[in-house]
Amino acid sequence: MEQEFYQGLAHRVRNIAEKADPFTRRRLLDLARRYDAKGGQTSRPSAAERPLPAPRTTPPTSIFSGPGES
């Protein structure tokens with residue numbers, strides 16, 4: 001029963017991903033893969049998909065920081 005629930009969620013998320021922009025599509029497909037894993041299915045990422053980058057732990061350095069004209 002639980003397996004069918006997660007498979008249904010994965011299917012719905014994939015349908016939404018078809019209409020989304022590339023960034024959102026990647027995130028939605030990642031979510032669908034996680035739902036598949038919870039439902040007992042394993043799937044390999046396709047060659048066209050890239051993994052999401054790791055979140056930054058430090059803020060980026062600004063090009064305006066440091067000595068210079070004000």
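R34 sits in helix 2, and that makes it a handy place to start looking around this predicted model. With a relative accessibility of 47%, R34 counts as partly exposed, because buried would mean under 20% and exposed over 50%. Follow the chain back to Y6 and you have gone 28 residues, yet the C-alpha atoms of R34 and Y6 are separated by 9.0 Å.

Let's stay with helix 2 for a bit. It runs over residues 22-38, which gives it 17 residues. From its first C-alpha to its last it reaches 25 Å, close to the 24 Å expected at 1.5 Å a residue. Which residues of helix 2 are buried? They are L28, L29, A32, Y35 and D36. These residues cover an arc of only 115° around the axis, so they end up on the same side of helix 2. The general geometry helps here: an α-helix has 3.6 residues a turn, so residues three or four places apart point the same way. Turn to the face of helix 2 that looks away from the buried side, and you'll find the exposed residues A37 and K38.

The two ends of helix 2 are worth a look as well. At the N-terminal end, D21 acts as the cap, with a side-chain oxygen 3.2 Å from the backbone nitrogen of F23. After helix 2 comes G40, and its phi is positive, near 100°.

So what do the buried residues of helix 2 pack against? Their partner is helix 1, residues 2-17. If you step back, the protein chain has 2 helices and 0 strands. Of its 70 residues, buried ones make up 17%.

Now for the inside. In soluble globular proteins, nonpolar side chains tend to be buried together. Here the largest nonpolar core has 10 residues: Y6, L9, A10, V13, A17, A20, L28, L29, A32 and Y35. Helix 1 and helix 2 each supply at least two residues of this core, and the largest share, 5 residues, comes from helix 1.

Y35 is a good residue to zoom in on. It is one of the buried residues of helix 2 and belongs to that largest core. Setting aside neighbours within four places in sequence, Y35 is in contact with Y6, L9, A10 and V13. Those four contacts are with residues that are listed in the core too.

Y35 also has aromatic company: F5, Y6 and Y35 form one aromatic cluster. How many aromatic pairs are there? The count comes to 2. One of them is F5 with Y6, an edge-to-face pair at 5.3 Å centre to centre and 70° between the planes. Are F5 and Y6 buried or exposed? F5 is partly exposed, with a relative accessible area of 47%. Y6 is buried, because its relative accessible area of 15% falls under 20%.

One more pair of places shows the chain coming back towards an earlier stretch. G8 lies in helix 1 and is partly exposed, at 25% relative accessibility. G8 and G39 are 31 residues apart in sequence, while their C-alpha atoms are 9.3 Å apart in space. For the chain as a whole, take the contacts between residues at least 6 apart in sequence: 36% of them join residues at least 24 apart.

Methods:
Residues numbered from 1 in each chain as written. Predicted model: local features only at pLDDT ≥ 70, side-chain atom pairs only at ≥ 80, totals over all residues. Heavy atoms only, no water. Helix = DSSP H or I, 4+ residues; strand = E, 2+ residues; numbered from the N terminus. Expected span 1.5 Å × (residues − 1). Buried < 20%, exposed > 50% of the residue type's maximum accessible area, 1.4 Å probe, protein only. Arc of directions from axis to C-beta. Contact = heavy atoms within 4.5 Å. Polar contact = N/O pair within 3.5 Å; in protein donor to acceptor, adjacent residues only side chain to side chain. Core = buried A, V, L, I, M, F, W, Y, C linked by side-chain atoms within 4.5 Å. Phe/Tyr/Trp six-rings, centres within 6.5 Å; stacked < 30°, edge-to-face > 60°.
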